[in-house]
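User: I am new to this structure and would like to understand the terms used for it. Could you walk me through them?

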Protein chains: 4
Amino acid sequence: MDLGISGRSAILLASSRGLGRACAESLAREGVSLVINGRNAADVDRAAKELSDTHGVEVVGVVGDSTTVEVHEELLAACPTPDIVLLNGEGPSPALFDTITEEQWAETAQRTMISPILFVQRVVPGMCERNFGRIVAISSAMVKSPNAVMSLSHGPRLGLTGLLKGLSKDVVKHNVTVNQLLPERFDTGRQQQMAELAVAIKGITLDEARAEQVATIAAGRLGRPEEFGDAFAFLCSAQAGYISGQNLQLDGGSYEGVF
Amino acid sequence: MDLGISGRSAILLASSRGLGRACAESLAREGVSLVINGRNAADVDRAAKELSDTHGVEVVGVVGDSTTVEVHEELLAACPTPDIVLLNGEGPSPALFDTITEEQWAETAQRTMISPILFVQRVVPGMCERNFGRIVAISSAMVKSPNAVMSLSHGPRLGLTGLLKGLSKDVVKHNVTVNQLLPERFDTGRQQQMAELAVAIKGITLDEARAEQVATIAAGRLGRPEEFGDAFAFLCSAQAGYISGQNLQLDGGSYEGVF
Amino acid sequence: MDLGISGRSAILLASSRGLGRACAESLAREGVSLVINGRNAADVDRAAKELSDTHGVEVVGVVGDSTTVEVHEELLAACPTPDIVLLNGEGPSPALFDTITEEQWAETAQRTMISPILFVQRVVPGMCERNFGRIVAISSAMVKSPNAVMSLSHGPRLGLTGLLKGLSKDVVKHNVTVNQLLPERFDTGRQQQMAELAVAIKGITLDEARAEQVATIAAGRLGRPEEFGDAFAFLCSAQAGYISGQNLQLDGGSYEGVF
Amino acid sequence: MDLGISGRSAILLASSRGLGRACAESLAREGVSLVINGRNAADVDRAAKELSDTHGVEVVGVVGDSTTVEVHEELLAACPTPDIVLLNGEGPSPALFDTITEEQWAETAQRTMISPILFVQRVVPGMCERNFGRIVAISSAMVKSPNAVMSLSHGPRLGLTGLLKGLSKDVVKHNVTVNQLLPERFDTGRQQQMAELAVAIKGITLDEARAEQVATIAAGRLGRPEEFGDAFAFLCSAQAGYISGQNLQLDGGSYEGVF
């Protein structure tokens, strides 16, 4: 399937590893030139080189925390008129609800709700003028299935969900779409870390920890990052211009609710 | 119907006027002693006197901005072990999406998402210990129907929606329920102000402005504050202990979606 | 709280036992005259006598299957201009998805989707003319959380959910509201039967079977029928006229989703 | 993007015209051999020939009403082990809610809810055994946004939505996914007919009638069938195996609700 975006340009926040990297991979394969980003210079350089070598597209790496204005500036300097934007960032850690402080709430809200929307504010007017835009946020299945111990994650992210939905209604007439992907348990470094944490805390084996992760997924397996990347690429395609304001769950069919 | 809460105590944020005041009225009628709150001392004093005179319950007024820690302290000093808590506050004004600044996002997130959840963190442990609690937030129909021009309102409020839902799952086993009411166009001072604003801006008559408000409501009328107050009182009742994590829309049947 | 419906009249389908009976009890207490219904004459007679004796309201019993046109006729003969209608009926039994026959699908659709909507079609025009109506259906939590083994239940019932929602938008302007209650595990005869079935099939004790039922409910207990009845009565109240098209879950806070 | 389904086989109900035909086109392009279906022999023959000529895949046409057991038999005779199934059928016409008869309810339930699920019952066990299956239903945006005048459409279709969701949870572990596409106003013959109907009834021009259709869509245009076909093809892809139980709206971003 030709996604009709060869020659387009994309800025992908937090894309040197994990799901963000998988999104970069799928776009590069389609001939999209990329600005990728991550906090670790070695990761960013390696990813940029691999993507460029494999797919023959231009890839610029911007090192730094994607929730800062400085990095936003650098990203836009590298690609002033992006056609495609991936909103992504490191998810907050679990925390006991009762113990979360005002500073933690505020900092997390800044990082996961306010910072992405500030970046969106900067790119949307140009997308509307140019009559093409694809904004996709990597959110979490938890925005539909909140869980108190992940409050720092799902609360602000659900706020972002609403902001993006509201915005989507205004800009779709300019062929600018705004959608979210809601992953649940993909086989990335994060799940590996969480499994190792479970080994340390619970005294179980790594296999047992991995089995526990899988047990929560109706599909009976973790998702593969490349499955995620291709769903992202599809939402970025030319022919996805009639799909906007959607929250597509990539959760191995695990969500309980009918909608 | 006996709501089974006579003799209970409640803290009602932002309850000297409008929907908050209507909630106070319905609880007072049921024999609940109240701590009410508002930013204008005259409003608070008048409301406290009227509620106490009419219903013969104890009513304490706390003057101040309910989004501040100082007012939280005063409210809890006046009622250290509340059985019922109403989360409420002034809604943000409309704003053009593109023009909203980082400071506005942060301030609004603090006022409408973080501040209420901080207050919830303080009252929930005691409610769980005492095996009774009813927390109800006045949110907005917009959390299910976002609209870019109201982003400052629906974004953080949807974040709060998620936080309360996640929490609700953990505390319902202690007979502590957490629900939201989602109003759309009640006949309060706020709608009157908005109508007057429309008169000034659009050069229409007040009757025309009021008719425009009604036109968006399937019921063909605005809601009456006392209808809102009674729905709130029902969710606070002893017999509503099996209802939690719900977002009840009071919108004259206007919401488009099936769920 | 005065529900403002004393002197009103109601037709309550399948109301001689269980949740329907609890609804009858709450309405009778509010001074509503009732037409109740059930398939067992002794049950109906006993319920009618008890309701009438306890609450001093007129109660007529109609014996028969509430999914038939004949019983619809009798109910409307007993109360030609009902103000309130409860849609209720026996839920279908579990069935292996693969084994359900066309006849079972069709019969269940008739009983749980078509028959209630036919009754609604008969009462709604009069309610609109008289400018008061409260229609409430007892559905199931499964309409939001489908489960293949209960397909005969949640499928047609979700169809009914949509039909009632669509209708609600048209009639709310006549002060006719249409809502659903979505129960999950109330302590009625049905749960008792299901526990006894589990005893027989699994070789566990009754206490164990009851504990298994409770384990699925976040509240850590089954619901009490009178809690259900009072939620129903509230939705039938005069002051609930601004609430329509809602699906209120009475599930001990168990539903996973944010909406 | 390689969808990984070249050489797979599909049965596509009601696929000789409109959105079904667009789905056939997108699958054929990916190298999937097809069994297509429609009620008009000339349409089916032409579509089969065009698809085969253009894409070089095997295409078998089955003429007849896809809601009948006879046609199900023929489809399965032509392709006993389908990897992909499209559920589709002609949508019911508008009807005044009050005037819909029991026969109309029953017939529509049979055609749009029961008949598709009977076909699903036949193909799912084999898909589970073979460890690959993609079932996609063309539903309607109305299942999330019911409208009384379209009750015959959205009611039974919402029932089907629940049945498919329930089923999806059980079969995703066998790499069998079940999803729905919810279109709103695509530029097919049906919209053309409805525009012509509006010309006849309202005395407006065809351009005006078309403009009215577009006015309800946030994107400011109708959808293009090939956009629909490609979304379908993506959900049928090998890499979409982690996406199940989803209801993807293709509505030009028009849906009001956040979820």
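**Reasoning from values to terms**

Analyst: Happily! Let us begin with one residue: apart from neighbours within four places in sequence, D:Leu34 is in contact with D:Ala10, D:Leu12, D:Ala24, D:Leu27, D:Ala28, D:Leu51, D:Val57 and D:Val59. Please keep in mind that this is a predicted model.

User: What makes two residues such as D:Leu34 and D:Ala10 count as being in contact?

Analyst: The test is that their C-beta atoms, placed from the backbone, lie within 7 Å. D:Leu34 and D:Ala10 are in contact, so their C-beta atoms lie within 7 Å.

User: Which residues have the most contacts inside the largest nonpolar core?

Analyst: They are A:Leu34, B:Leu34, C:Leu34 and D:Leu34, and that core has 320 residues. A core of this kind is built from buried residues, so D:Leu34, listed as part of the core, is itself buried.

User: Why is A:Arg185 called buried or exposed?

Analyst: The cut-off for buried is 20 or more other C-beta atoms within 10 Å. A:Arg185 has 22 C-beta neighbours inside 10 Å, and therefore counts as buried. This residue is in the loop between strand E6 (176-183) and helix H6 (189-202) of chain A. Its phi is near 60°, a positive value in a residue other than glycine.

User: And why is C:Asn131 called buried or exposed?

Analyst: Here the cut-off for exposed is 12 or fewer. C:Asn131 has 11 C-beta neighbours inside 10 Å, so the residue counts as exposed. C:Asn131 lies in the loop between helix H4 (102-130) and strand E5 (133-138) of chain C. C:Asn131 is not a glycine, yet has a positive phi of about 65°.

User: How do you know what relation chain A has to chain D?

Analyst: In general, two copies of a chain are related by a rotation about an axis and a shift along it. For this pair, a rotation of 180° with 0.0 Å of shift along its axis superposes chain A on chain D, with an RMSD of 0.0 Å. That is why the relation is that of a two-fold axis. In chain A, the C-alpha nearest the axis belongs to A:Met1, 2.5 Å from it.

User: How do you know through which surface these copies meet?

Analyst: 100% of the interface residues of chain A are also interface residues in chain D, so the copies meet through the same surface. The contact takes 38 residues from chain A and 38 residues from chain D. On the side of chain A that touches chain D, helix H5 (151-171), helix H8 (225-235) and strand E7 (247-250) each supply at least two residues. The largest share, 6 residues, comes from H8(A). By class, that side has 15 nonpolar, 15 polar and 8 charged residues.

User: What makes up the contact between chain D and chain C?

Analyst: 32 residues of chain D are in contact with 32 residues of chain C. Helix H4 (102-130) and helix H5 (151-171) of chain D each supply at least two residues of the side that touches chain C. H5(D) gives the most to that side, with 14 residues. The residues there divide into 17 nonpolar, 10 polar and 5 charged.

User: Which domains does the assignment give for chain A?

Analyst: It gives domain 1 (9-185 + 225-249) and domain 2 (187-222). Their centres, taken over C-alpha atoms, are separated by 25 Å. The contact takes 6 residues from domain 1 of chain A and 9 residues from domain 2 of chain A.

Technical notes:
Residues are numbered from 1 along each chain as its sequence is written. Chains are lettered from A and ligands numbered from 1 in the order in which they are written. This is a predicted model: local features need pLDDT of at least 70, side-chain atom pairs count only at pLDDT 80 or more; totals for chains, interfaces and linings use all residues. Helices (H or I, at least four residues) and strands (E, at least two) are DSSP runs, numbered from the N terminus. Ala, Val, Leu, Ile, Met, Phe, Trp, Tyr, Cys and Pro count as nonpolar, Asp, Glu, Lys and Arg as charged, and the others, Gly among them, as polar. Copies are superposed by least squares on the C-alpha atoms of residues with pLDDT of at least 70 in both. Domain bounds come from an automatic or database domain assignment. A nonpolar core is a set of buried Ala, Val, Leu, Ile, Met, Phe, Trp, Tyr and Cys residues joined through C-beta atoms within 7 Å.
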